[in-house]
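Grab a pencil and open your viewer. Here are a few short exercises, each with a solution you can follow step by step.

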Amino acid sequence: MTTDPVIPERLHDSSPSTKLSYLAIKRHGPIGTATIAELVGINPRTARDAVDELAERGEISIRPVLGDARRRRFSIESDSNSDPGPPP
């Protein structure tokens with residue numbers, strides 16, 4: 001079975017919406033759940049569930065939006081958590 005090199009192997013057991021949310025954050029972050037839902041084509045509640053899972057796994061960083069503590073922005077700070085790939 002081949003795997004997607006853009007999705008870290010440690011997320012391969014996640015739901016499709018979580019994987020797509022990860023990609024949206026990686027490509028467009030920092031972004032909020034409404035933007036994730038729009039980009040991925042999922043319900044905003046599903047986007048919140050996905051970012052909650054990604055946060056629990058330590059895959060994303062969460063920052064509050066200045067002036068509105070209810071809103072958050074999600075990003076992937078670095079590729080330090082990325083799979084190193086196959087050995088040379």
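The exercises below work through a predicted model, beginning with confidence and ending with the strands.

**Exercise 1. Find out which stretch of the model has a pLDDT below 50, and decide how to treat it.**

Step 1: Start with the whole chain. The average pLDDT is 85, and 82% of the residues score at least 70.
Step 2: Now look for the weak spot. Residues 80–88 have a pLDDT below 50, and beyond near neighbours in sequence this stretch makes seven contacts in the model.
Step 3: Decide what to do with it. Where pLDDT is low, the predicted coordinates should not be read in detail.

**Exercise 2. List the elements of the chain in order from the N terminus.**

Step 1: Count them up: there are three helices and two strands.
Step 2: Put them in order, and you get α-α-α-β-β.
Step 3: Add some context on packing. Of the 88 residues, 33% count as buried. Among contacts with a separation of 6 or more, 43% link residues 24 or more positions apart.

**Exercise 3. Work out why the buried residues of helix 3 line one face.**

Step 1: Check the geometry. Helix 3 covers residues 44–56, and its 13 residues reach 18 Å from first C-alpha to last, close to the 18 Å expected.
Step 2: Pick out the buried positions, meaning those under 20% relative accessible area. In helix 3 they are Ala 47, Ala 50, Val 51 and Leu 54.
Step 3: Look down the axis. The buried residues of helix 3 fall within an arc of 95°, so they line one face of the helix.
Step 4: See what covers them: the cover includes helix 1 (16–28), helix 2 (33–40) and strand 2 (68–75).
Step 5: Inspect both ends. At the start of helix 3, a side-chain oxygen of Asn 43 comes within 2.7 Å of the backbone nitrogen of Arg 45. Just after the helix, Gly 58 has a positive phi of about 75°.

**Exercise 4. Identify the buried residues of helix 1 and what covers them.**

Step 1: Go along helix 1 and mark Ser 17, Thr 18, Ser 21, Tyr 22, Leu 23, Ala 24 and Ile 25 as buried.
Step 2: Turn to their surroundings, where the cover includes helix 2, helix 3 and strand 2.

**Exercise 5. Are strand 1 and strand 2 parallel or antiparallel?**

Step 1: Follow strand 1 (residues 61–65) against strand 2: they pair in the antiparallel sense over five bridges.
Step 2: Find a facing pair: Val 65 sits opposite Asp 68 of strand 2.
Step 3: Close the loop. The two strands form a hairpin with two residues between them, and Gly 67 in the turn has a positive phi of about 90°.

Technical notes. Residues numbered from 1 in each chain as written. Predicted model: local features only at pLDDT ≥ 70, side-chain atom pairs only at ≥ 80, totals over all residues. Heavy atoms only, no water. pLDDT = per-residue confidence, 0-100. Contact = heavy atoms within 4.5 Å. Helix = DSSP H or I, 4+ residues; strand = E, 2+ residues; numbered from the N terminus. Expected span 1.5 Å × (residues − 1). Buried < 20%, exposed > 50% of the residue type's maximum accessible area, 1.4 Å probe, protein only. Arc of directions from axis to C-beta. Polar contact = N/O pair within 3.5 Å; in protein donor to acceptor, adjacent residues only side chain to side chain. Pairing = 2+ DSSP bridges.
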